[in-house]
Amino acid sequence: MAFIDEIRLFLKAGNGGDGVVRWLHERGKEFGGPSGGDGGKGGNVYAHALRDLSVLSRYRFIRDLKAENGGAGAKVKRHGANGKDLIVEVPIGTVITNLNTGSVRSLMKEGDSVLLLEGGKGGWGNDRFKSSTNVAPMEATPGLVGEEAEFLIELELIADAGFIGLPNAGKSSLLNTLTRAHAKVGNYNFTTLEPNLGDLFGFILADIPGLIEGASEGKGLGFAFLRHIKRTRMLFHCISVENEDPKKSYNTIRKELKDYGHDLSSKQEVIILTKTDLVPEETLKKMIKVMKKLSPHILTVSIHDPNLVKSLKDEIIKLLRSLGN
């Protein structure tokens, strides 16, 4: 199923049920009085956050959703049934914009729920209108119309750290190794078609799909996923030691972050040189020396070396803990 991180939905709360005109029919009495019940309330529309990145995919071919209408009142003052609420399930980190009003709601934690639209109130039955001067009211009111609006629903991942870098920088393999995640891995561009998450001793790490030059202008896959970097607290910039010009690769990604804006380029960043088993130690030392001119924070790793993996885990945890809550 295709990964969906942005949708538009037209949502409508349920209409209130109508009040009704009804009469009591009591044995031995010609007229028993009004007994029309009120209509039920229309269902509300809520958004509810789940720990499931793929949940928006269920709305891929849906354009509008509606809560249930309230039921009409009935005789003997019976109240109409309230309409069933509509629950729109979204991933954690979703931002919902009401395009009619401009209001914005965010769901940042699992289980968060927000009311998006209010259902219409039920109408009054004729029993409501009886009085000493009006013993046989013929009045009843219709239910009120439920609120409706078009919404833009956008997923912005929440993670403690995000792995960024050009395609084939080793981000997915590194995430899998560090967290036992199950990110797809392959030796071709754009292996990662959606963000992947992993848990490292309580810290959430995200593998952000590969960026390319021009990503901030809509090229490649990067533009669709740059927004997912906004809510990460720290960036781990992965660069493969196979890269013939690591400095250029680094600057390419840095430019895309700056051009996209939203303060992405100001986030704390650490460079991770990956696949270090593929080059001689002397070559690695020269590369580290070059990269330190760009950033003082340089880490190295080969996923095939358990000692290097453990060392990297310890460093990442230490860095994330230094950020505090």
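**Entry 1: the loop after β13**

I started with K275, which sits in the loop between β13 and α4 (281–291). The model is predicted. I looked up the backbone of K275 and found a positive phi of about 60 degrees, although this residue is not a glycine. Is K275 buried or exposed? I read a relative accessibility of 24%, so K275 counts as partly exposed. The cut-off for buried is under 20%.

**Entry 2: a second lysine**

I then checked K77. Its phi is positive, about 60 degrees, and K77 is not a glycine either. I placed K77 in the loop between β3 (64–66) and β4 (86–91). The relative accessible area of K77 is 46%, and I noted it as partly exposed.

**Entry 3: the sheet that holds β13**

I went back to β13 and traced its sheet. Which order do the strands take? I wrote down β10-β11-β9-β12-β13-β14. The sheet is open, has six strands and shows mixed pairing. Why do β10 and β14 each have a side without a neighbour? β10 (196–200) and β14 (298–300) stand at the edges with a single partner strand each, so one side of each stays free of a neighbour in the sheet. I also looked up the twist: neighbouring strands are turned by 25 degrees against each other on average, direction ignored.

Next I took one pair from this sheet. β12 (residues 234–240) and β13 (residues 268–274) run parallel, and seven bridges join them. I picked L235 and searched for its bridge partner in β13; the partner is E269.

**Entry 4: the helix across the sheet**

I asked which strands α1 lies across. Helix α1 (residues 171–179) lies across β9 (161–164), β10, β11 (203–207), β12 and β13. I noted its angle to β10 as about 35 degrees.

**Entry 5: a pocket**

I opened the second largest pocket and read about 320 Å³ of space. Its lining has 14 residues, and the closest to the centre are R51, I92, I158, L197 and I204. How does the lining divide? I noted 10 nonpolar residues, four charged and no polar.

**Entry 6: the whole chain**

I closed with totals. The chain has five helices and 14 strands. Of its 325 residues, 48% count as buried. For contacts in the chain with a separation of 6 or more, I found that 74% come from residues 24 or more positions apart.

Definitions and conventions
Residues are numbered from 1 along each chain as its sequence is written. This is a predicted model: local features need pLDDT of at least 70, side-chain atom pairs count only at pLDDT 80 or more; totals for chains, interfaces and linings use all residues. Side-chain values use heavy atoms; hydrogens and water are left out. Two strands pair if DSSP finds at least two bridges between them. Helices (H or I, at least four residues) and strands (E, at least two) are DSSP runs, numbered from the N terminus. Axes are lines fitted to C-alpha atoms, for helices over the stretch in contact, and angles run from 0 to 180 degrees between N-to-C directions. Contact means heavy atoms within 4.5 Å. On a 1 Å grid over the protein atoms alone, a cavity is a set of points where a 1.4 Å probe fits but cannot get out, and a pocket is an open set with protein on both sides within 12 Å along at least five of seven lines; lining residues have an atom within 4 Å of a point. Grid points are joined across faces, edges and corners, and a volume is the space filled by probe spheres set on the points. Ala, Val, Leu, Ile, Met, Phe, Trp, Tyr, Cys and Pro count as nonpolar, Asp, Glu, Lys and Arg as charged, and the others, Gly among them, as polar. Buried means under 20% relative accessible area, exposed over 50%, partly exposed in between (1.4 Å probe, protein chains only).
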